[in-house]
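Hi,

Here is the structure I said I would pass on. Have a look at it first, and then read my notes underneath.

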Amino acid sequence: MENGRGQWASSFGFVLAAAGSAVGLGNLWKFPYIAGANGGGAFVITYLLILLFLGVTVMIAEITLGRHTQLNAYGAYKKLQAKWAWVGAMGVLTGFLIMSYYSVVGGWVIKYLVDMTTGALAVNDPAALGAFFGGFIGASVSPLIYMLVFMAICFVIVIGGISGGIEKANKVLMPLLFLFIIIVAIRSMTLPGAAEGIKWLFAPDFSKFTGAGFLAAMGQVFFSLSLGMGCMITYGSYLDKETNIAKSGWTIPLLDTFVAFMAGLAIIPAVFAFGFEPGQGAGLVFVTLPAVFSQMPAGQLFGIIFFLLVLFAAITSAISLCEVVVAWLVDQKQMDRVKATALTVLGIIIFAIPTSLSLGAWSDIHLLPGKGFFDTFDFLTSNILLPLGGLLLCIFVGWVWGTDKADEEITNGGKLQWSYAPVWNFLIKYIAPVAIAVIFVVGLMPK
Ligand code: TRP
């Protein structure tokens with residue numbers, strides 16, 4: 001067990017852990033589907049542009065704020081400008097709310113890994129698999145048990161601390177994840193008929209690209225890079241003063257994008273090769289893919305590898321979300337790590353119960369019009385809290401704390417060359433806040 005709040009053992013360990021946070025369910029089931037639904041290549045180009053100009057900018061800002069203050073999201077804002085502490089508090093709350101449904105979906109992944117292994121998913125018929133999926137997530141007890149298993153895994157990793165728990169887990173899980181996704185992508189792309197899928201995914205079709213696609217791309221960048229709620233502030237706070245923040249700020253989005261592309265190449269060509277429709281979000285991974293694996297030569301093996309890699313991606317993201325809350329309890333409430341982790345995990349479980357039940361027994365209870373717990377938490381976090389958090393972060397770093405001080409931190413007190421500084425300063429002060437605000441407002445307008 002580490003003393004105090006802990007620290008990464010190396011810059012490489014930090015980059016891996018931050019990439020672990022970024023690479024998650026967002027890459028594996030959301031990206032392939034949203035890309036395809038919004039004109040394929042046209043979406044991909046837009047996504048890359050937003051990632052380059054906004055994603056990297058906000059990423060560097062969050063890491064810098066964390067490294068400078070050496071504090072959790074709430075503490076970081078409070079230390080620099082007490083009036084802004086509520087923005088950090090909002091981030092901690094957002095982490096908690098995201099986990100209330102991320103933990104439920106994490107449980108589904110474990111269930112599918114188990115059933116893939118026992119052969120229970122070797123069913124050729126998507127309609128039967130759809131009924132199976134709907135029946136499982138709508139049940140009252142068994143999804144909760146799988147959610148508990150998922151949270152138990154997170155608990156065991158997070159109590160180990162920063163270098164002894166989170167960094168260690170990422171050093172094992174991330175290389176395996178990279179290896180596994182490359183294996184599945186190669187399998188998928190070498191199937192007869194795979195070319196159709198690759199074309200669907202990457203050939204730019206701007207006729208299908210709309211303003212809504214632009215919004216989807218922006219939201220996807222934020223969610224996928226774990227930005228807008230202080231996750232990267234928290235991870236950055238465990239860095240020493242020697243690390244090159246600017247370099248890390250580029251490497252993390254690069255790794256995240258690599259996995260998003262590989263996910264697209266692992267899933268879509270196989271779906272096309274067996275004559276299925278790319279379908280929708282959750283259905284793609286939990287309904288269509290099992291059907292694909294049941295027809296593929298050695299499909300069970302590739303299915304196990306696939307759900308294992310999805311599980312690894314979900315775990316390395318979930319522990320980063322837990323850590324946002326744990327760090328707040330450790331820094332601000334002087335709690336020891338074990339107690340803080342236990343309290344965080346317990347709190348998440350309590351919120352995850354109604355979230356899971358809202359897909360079955362409690363589907364009549366609506367928090368927002370037409371939305372149960374699951375959809376409400378998803379909507380509130382992705383569409384309101386994350387963009388708002390990102391917008392406020394840009395204003396805070398660009399105008400309140402100031403780019404001079406941020407630049408000083410990024411260059412390690414002038415020791416490092418940073419030729420990108422003038423561009424970054426301009427982006428964080430002007431372009432990013434305006435762009436995010438526009439998207440935020442348009443995104444909330446009734447369709
Ligand atoms: N980025 C992860 C994914 O793609 C999810 C995630 C982890 C996240 N930490 C976050 C999303 C912080 C938003 C904010 O699945």
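Below is what I found, going helix by helix and then on to a few single residues. Keep in mind that this is a predicted model.

**Helix α3 and what comes after it**

Let's start with α3, which covers residues 41-69, 29 residues in total. From first C-alpha to last, α3 reaches 40 Å, close to the 42 Å you'd expect at 1.5 Å a residue. There is still a kink in α3, about 40° and centred on L51. As for surroundings, α3 is mostly covered, with 23 of its 29 residues buried.

T46 is a residue of α3, and it counts as buried because its relative accessibility is 8%, below the 20% cut-off. Leaving out residues up to four places away in sequence, T46 touches F209, F214 and A217.

Right after α3 comes Q70, which sits in the loop between α3 and α4 (73-80). Q70 isn't a glycine, yet its phi is positive, about 55°. For context, most residues other than glycine have a negative phi. With a relative accessible area of 25%, Q70 is partly exposed.

**A second positive phi**

S226 is another one to look at: phi is near 60°, again a positive value in a residue other than glycine. You'll find S226 in the loop between α10 and α11 (231-236). Is S226 buried or exposed? It counts as buried, because its relative accessibility is 12% and the limit is 20%.

**Helix α17**

Next is α17, residues 421-444. Its 24 residues should span 34 Å at 1.5 Å a residue, and the end C-alpha atoms are 33 Å apart, so the two agree. α17 also has a bend, about 45° at L427.

L427 itself is one of the buried residues of α17. The others on that list are A421, W424, N425, I428, A432, P433, I436, I439 and F440. In an α-helix there are 3.6 residues a turn, so residues three or four places apart point the same way. And what do the buried residues of α17 pack against? Their partners are α3, α10 (211-224) and α16 (373-410).

**Where α5 meets α15**

Two packed helices are described by the angle between their axes and the distance between the axes. Helix α5 (residues 85-118) and helix α15 (residues 337-357) pack at about 65°, and their axes are 8 Å apart. The crossing of α5 past α15 is right-handed.

Here is who makes the contact:

- From α5: F96, L97, M99, S100, Y101, S103 and V104.
- From α15: T344, G347, I348, F351, A352, T355 and S356.

Sorted by class, that contact has eight nonpolar residues, six polar ones and no charged ones.

**One long-range pair**

Last, A152. This residue lies in helix α7 (residues 142-159) and counts as partly exposed because its relative accessibility is 40%, which falls between 20% and 50%. The C-alpha atoms of A152 and V345 are separated by 8.2 Å, although the two residues are 193 apart along the chain.

If you want to click through in the viewer, I'd go to the kink at L51, then the bend at L427, and then the two positive phi values, at Q70 and S226.

Cheers

How values were computed. Residues are numbered from 1 along each chain as its sequence is written. This is a predicted model: local features need pLDDT of at least 70, side-chain atom pairs count only at pLDDT 80 or more; totals for chains, interfaces and linings use all residues. Side-chain values use heavy atoms; hydrogens and water are left out. Helices (H or I, at least four residues) and strands (E, at least two) are DSSP runs, numbered from the N terminus. The expected span of a helix is 1.5 Å times one less than its number of residues. The bend at a residue is the angle between axes fitted to the seven residues ending there and the seven starting there. Buried means under 20% relative accessible area, exposed over 50%, partly exposed in between (1.4 Å probe, protein chains only). Axes are lines fitted to C-alpha atoms, for helices over the stretch in contact, and angles run from 0 to 180 degrees between N-to-C directions. A crossing is left-handed if the near helix is turned anticlockwise from the far one by less than a right angle, and right-handed if clockwise. Contact means heavy atoms within 4.5 Å. Ala, Val, Leu, Ile, Met, Phe, Trp, Tyr, Cys and Pro count as nonpolar, Asp, Glu, Lys and Arg as charged, and the others, Gly among them, as polar.
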